[in-house]
Amino acid sequence: MWLNCCVQRGVRVEVDVRDQSPGFKFNDWELKGVPFRLELGPRDLEAGVVVLAQRLGDEDEDGRARKHTLNVDELVGGIAARLDAYHDLLVARAVAFRDEHTARVEDLAAFEEQVASGFAVALHCGAPACETSIQERTRATPRCVPTEGPEESGACIACGEPSAYGRRVVFARAY
Ligand SMILES: [Zn+2]
């Protein structure tokens, strides 16, 4: 019944009734990226509580997901806010990861080193032949020209011709 209350708030709920161990189910849903796992034991249900574990960002010292015992009203009333907070957490982690793996580079040696593990932000002339020579040397190709950030121009990192687009270009290897 309270599961339906979650569904009515626009939250998708799957009840896993497979005849498998809890450990198997926990792992299986974690791999699928489900934000929250609810454990519903017979005694929990009798007491009107559920045990909630969040997939990421709420671990104990041993790196295991903390378990929170919530009463059902608390769960249903708070699930939308929990999902919003989890979404914000994922965005913040992704942005931090991207920023940690992005660097401005001024020469081809630094470029090559940077694209080995992330994004290189460089001036480029825009010529297809020049892109090809960069790709042959480093396996990196232009990903995008960001529309935000300062306008900039100068010499192409590879060939020295005047840069195009009025901005730096983001390069990376494709996998
Ligand atoms: Zn060039």
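Trainee: Let's start with Val105. Which residues is Val105 in contact with, leaving aside its neighbours within four places in sequence?

Mentor: Val105 is in contact with Ala110, Phe111, Gln114, Ala120, Val121, Ala122, Ile157 and Arg168. Keep in mind that this is a predicted model.

Trainee: What makes these pairs count as contacts?

Mentor: A contact needs heavy atoms within 4.5 Å, so each residue in that list has a heavy atom within 4.5 Å of one in Val105.

Trainee: Which residues touch the most other members of the largest nonpolar core?

Mentor: This core has 14 residues, and Val105, Phe111, Val115, Ile134, Ile157 and Phe171 touch the most other members. At least two residues each are supplied by helix H5 (108-115), strand E5 (119-122), helix H6 (128-138) and E7. The largest share, 3 residues, is that of H5. Another core lies apart from this one and has 10 residues, including Phe36, Val50, Leu52 and Val76.

Trainee: Why is such a set called a nonpolar core?

Mentor: Its members have to be buried residues of the nonpolar kinds, Cys included, joined through side-chain atoms within 4.5 Å. As background, nonpolar side chains in soluble globular proteins tend to be buried together.

Trainee: How is the chain divided into domains?

Mentor: The domain assignment gives domain 1 as 2-99 and domain 2 as 101-173. Taken over C-alpha atoms, their centres are separated by 42 Å.

Trainee: On to the metal. Which atoms coordinate the zinc ion?

Mentor: The SG atoms of Cys125, Cys130, Cys156 and Cys159 coordinate the zinc ion, at 2.3 Å. A donor has to be within 2.8 Å of a metal such as this, so 2.3 Å qualifies. Along the chain, the donors follow the spacing C-x4-C-x25-C-x2-C.

Trainee: Why is the arrangement around the zinc ion called tetrahedral?

Mentor: The 4 donor atoms subtend angles of 105 to 116 degrees. Four donors count as tetrahedral if all angles lie between 85 and 135 degrees, and therefore this arrangement is tetrahedral. For comparison, the ideal angle for four tetrahedral donors is 109.5 degrees.

Trainee: How many disulfides are there?

Mentor: The count comes to 0 disulfides. A disulfide requires a pair of cysteine sulfur atoms within 2.5 Å, so no pair here meets that cut-off.

Trainee: Are Cys156 and Cys125 buried or exposed, and how do you know?

Mentor: Buried means under 20% relative accessible area. Cys156 has 4%, so Cys156 is buried. Cys125 has 15%, so Cys125 is buried too.

Trainee: Why is Cys159 called partly exposed?

Mentor: Cys159 has 40% relative accessibility. Partly exposed runs between the 20% and 50% cut-offs, so Cys159 counts as partly exposed.

Trainee: Where is Ser163, and is Ser163 buried or exposed?

Mentor: Ser163 is in the loop between strand E6 (140-144) and strand E7 (169-173). Its relative accessible area is 15%, under the 20% limit, so Ser163 is buried. Not counting residues up to four places away in sequence, Ser163 touches Leu123, His124, Cys125, Glu152, Ser153, Gly154 and Cys156. Among these are Cys125 and Cys156, which also coordinate the zinc ion.

Trainee: What makes Thr147 count as exposed?

Mentor: Thr147 has 67% relative accessibility. Exposed means over 50%, so Thr147 counts as exposed. Thr147 also lies in the loop between E6 and E7. Thr147 and Arg167 are 20 residues apart in sequence, and their C-alpha atoms are 8.2 Å apart in space.

Trainee: What is the phi of Tyr165?

Mentor: Tyr165 has a positive phi of about 70 degrees although it is not a glycine. Its place is in the loop between E6 and E7. At 48% relative accessibility, under the 50% that exposed would need, Tyr165 counts as partly exposed. Arg139, in the loop between H6 and E6, has a positive phi of about 70 degrees and is not a glycine either.

Trainee: And why is Asn71 called partly exposed?

Mentor: Asn71 has a relative accessible area of 35%. That value lies between 20% and 50%, so Asn71 is partly exposed. Asn71 is in strand E3 (residues 67-71). Leaving aside neighbours within four places in sequence, Asn71 is in contact with Gly48 and Val49.

Methods: Residues are numbered from 1 along each chain as its sequence is written. This is a predicted model: local features need pLDDT of at least 70, side-chain atom pairs count only at pLDDT 80 or more; totals for chains, interfaces and linings use all residues. Side-chain values use heavy atoms; hydrogens and water are left out. Domain bounds come from an automatic or database domain assignment. Donors are N, O and S atoms within 2.8 Å of the metal (3.2 Å for Na, K and Ca); water is not among the atoms, so sites may look incomplete. Four donors count as tetrahedral if all angles lie between 85 and 135 degrees; four count as square planar and six as octahedral if opposite donors are over 155 degrees apart and all others between 65 and 115; anything else is irregular. Buried means under 20% relative accessible area, exposed over 50%, partly exposed in between (1.4 Å probe, protein chains only). Helices (H or I, at least four residues) and strands (E, at least two) are DSSP runs, numbered from the N terminus.
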